[in-house]
Structures are given as C-alpha cells and as structure tokens.
Amino acid sequence: MRDMRRKATVLYARSEFHIEQTDRITELGLEIDFSDAFIAYINGHEVVRSGVGRSSGRNAQNIKVREQKGPQFFALPEGILGDYGRDD
C-alpha cells in the first residue's frame, strides 16, 4: 500500500470473519486505523463512516483529514448481523 500513497483516492478491501457463540455477543464493533476517511460495509450494508460527508467510492464528497493517529473503535448498531451466523 505504500506505493499507493498520493496516487490512489479509493481503496476497496474485503475481509471474511466468523463469529462463534453469537447468542453471547453483548457489543460488536470495528477497530480500524485509517488516514483520512472510510466507509465500512457488512453484507453490502453501510454500518459506519468517518470523515466522508456524503456519497461513496469515487463520488465521495467532503472528505476530512484525520488528525488523530492510531486505531479507532466504532461501535456497530445492534442487530447489524441480522440472522447471519445464527445456529437456530
């Protein structure tokens, strides 16, 4: 990703994850380290955004520079996973 600096305006990344014992979840969140802005999706649905005013992808507008360094935690809305991963 270092060779993308000052060249790319959009980066798409995908990560698969598995959750065991979904009935015991009390909080779900995303910890992410980012430079300027991001939009996170789960199963095609936007769940959190930071530093993006409106729209997304190449059409994103009002991008704000992030002054804070290091990872940041974002709590995800309750019920965001819906029925995915449930055993019942």
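Start with the whole chain in view and follow it along the sequence, where the pattern reads β-β-β-β, with four strands and zero helices. Keep in mind as you look around that this is a predicted model. Of the 88 residues in the chain, 14% are buried.

Next, select residues 38-42, which form strand β2, and compare its two faces: Phe38, Ala40 and Ile42 lie on the covered face, while Ile39 and Tyr41 lie on the uncovered one. In a regular strand, side chains alternate between the two faces of the sheet.

Now add residues 45-50, which are strand β3, and you will find that β2 and β3 pair in the antiparallel sense over five bridges; one place to check is Phe38, whose bridge partner in β3 is Ser50. Two residues separate these strands in a hairpin, and Asn43 in the turn has a positive phi of about 50 degrees.

Then show the aromatic side chains, since the structure holds three aromatic pairs. The rings of Phe34 and Phe38 have centres 4.8 Å apart, and because their planes stand at 65 degrees, the pair is edge-to-face. Turning to Phe38 and Phe74, you will see ring centres 5.3 Å apart and planes at 70 degrees, so this pair is edge-to-face. This second pair links distant parts of the chain, with Phe38 in strand β2 and Phe74 in strand β4 (residues 72-75), 36 residues apart. Phe38 and Phe74 are both buried, and Phe34 is buried with a relative accessible area of 10%. Ring pairs link Phe34, Phe38 and Phe74 into a cluster.

Finally, select Arg66, whose charged end sits over the ring of Phe34, 4.1 Å from the ring's centre.

Methods
Residues numbered from 1 in each chain as written. Predicted model: local features only at pLDDT ≥ 70, side-chain atom pairs only at ≥ 80, totals over all residues. Heavy atoms only, no water. Buried < 20%, exposed > 50% of the residue type's maximum accessible area, 1.4 Å probe, protein only. Pairing = 2+ DSSP bridges. Phe/Tyr/Trp six-rings, centres within 6.5 Å; stacked < 30°, edge-to-face > 60°. Lys NZ or Arg CZ within 6 Å of the ring centre and 35° of its normal.
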